[in-house]
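Hi,

Here is the structure I promised to pass on. Have a look at it first, and then read my notes below.

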Amino acid sequence: MPKVGMEPVRRQQLIEATIESVGELGLQGTTINSISKKAGLSSGIISHYFGGKQGLIEATVRHLLSSLKDSLISQVADTTTPEQRLMFIIEANFALVQQRKDTTRTWLSFWAQSMHDPELHRLQNVNSKRLYSNLACSFRRIMQKDDAKQAAELSAAMIDGLWLRAVLSQSDTDQFKHSERLAKQYVNSLIQQYGT
């Protein structure tokens with residue numbers, strides 16, 4: 001019988017092991033056994049906590065989405081200006097955790113699988129809408145509504161595209177820093193172009 005209070009710890013161990021396994025073996029190559037070995041736990045515990053591999057995969061995606069959200073929330077305060085908030089959104093998307101090889105490979109695997117899996121597709125839509133919504137909210141405070149919508153769409157595409165290029169180039173952290181700088185320059189150019 002599991003120890004009382006161990007469920008959150010075990011769940012997190014399994015999520016981290018899933019990220020490692022997907023980063024190493026890909027989503028298709030990842031199995032309940034590969035995850036349980038990396039976590040140092042029995043394979044039965046995956047079914048107990050998550051109902052199986054699919055439930056664990058979905059929980060892992062939600063974990064990555066939450067870490068992205070938490071990275072932004074930790075920086076924003078009541079005194080944060082819209083311009084600062086836009087920069088924080090970019091920084092969250094290029095944060096160190098988003099640059100780890102196992103994390104980047106996991107994101108890429110999930111994105112690819114989301115085209116074939118309705119639940120992963122739904123989670124990917126949540127991610128896209130959250131990025132757009134965060135950007136649009138900040139842009140609306142400094143420009144007209146229609147301009148803010150367009151600026152948010154353009155910025156979201158630029159952030160995703162620059163992150164993807166940095167990952168696919170298999171470069172070091174310098175490429176991520178360069179991509180972050182380019183995204184910030186682009187957002188600043190939109191503020192100058194459309195800002196009131």
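Let me start with L14. Setting aside neighbours within four places in sequence, L14 is in contact with I35, A39, L41, I45, I46, Y49, F50 and L56. Bear in mind throughout that this is a predicted model.

L14 also turns up in the largest nonpolar core, which has 52 residues. Along with L86, F94, L135 and F139, L14 touches the most other members of that core. Helix 9 provides the largest share of this core, with 9 residues. As background, nonpolar side chains tend to be buried together in soluble globular proteins.

Next, the enclosed spaces. The structure has 2 cavities of 30 Å³ or more.

The largest cavity comes to about 160 Å³. Its lining is made up of L68, N93, Q98, W107, W111, Q124, N127, S128, L131, I159, D160 and W163. At least two lining residues come from each of helix 7 (101–114), helix 8 (118–140) and helix 9 (145–168), and helix 8 has the largest share, with 4 residues. If you sort the lining by class, you get 6 nonpolar, 5 polar and 1 charged residues.

The second largest cavity has a volume of about 50 Å³. Around this one sit V61, L65, W107, F110, W111, S114, L120, L123, Q124 and N127. Helix 4 (53–73), helix 7 and helix 8 are the elements that give two or more residues to this lining. There are no charged residues here, just 7 nonpolar and 3 polar ones. When you flip between the two cavities, look out for W107, W111, Q124 and N127: they line the largest cavity and also line the second largest.

Finally, a pocket. The second largest pocket holds about 180 Å³ of space. It is lined by 13 residues, of which L68, K69, L72, R130 and N134 are the closest to its centre. Helix 4, helix 5 (82–93) and helix 8 each give two or more residues to the pocket lining, and helix 4 gives the most, with 5. By class, the pocket lining splits into 7 nonpolar, 3 polar and 3 charged residues. L68 deserves a second look on screen: besides being among the residues closest to the centre of this pocket, L68 lines the largest cavity.

That's what I have for now. Shout if anything is unclear.

Cheers

Terms used: Residues numbered from 1 in each chain as written. Predicted model: local features only at pLDDT ≥ 70, side-chain atom pairs only at ≥ 80, totals over all residues. Heavy atoms only, no water. 1 Å grid on protein atoms, 1.4 Å probe; cavity = no way out; pocket = protein on both sides within 12 Å on 5 of 7 lines; lining within 4 Å. Points joined across faces, edges and corners; volume = space filled by probe spheres on them. Nonpolar A, V, L, I, M, F, W, Y, C, P; charged D, E, K, R; others polar. Core = buried A, V, L, I, M, F, W, Y, C linked by side-chain atoms within 4.5 Å. Buried < 20%, exposed > 50% of the residue type's maximum accessible area, 1.4 Å probe, protein only. Contact = heavy atoms within 4.5 Å.
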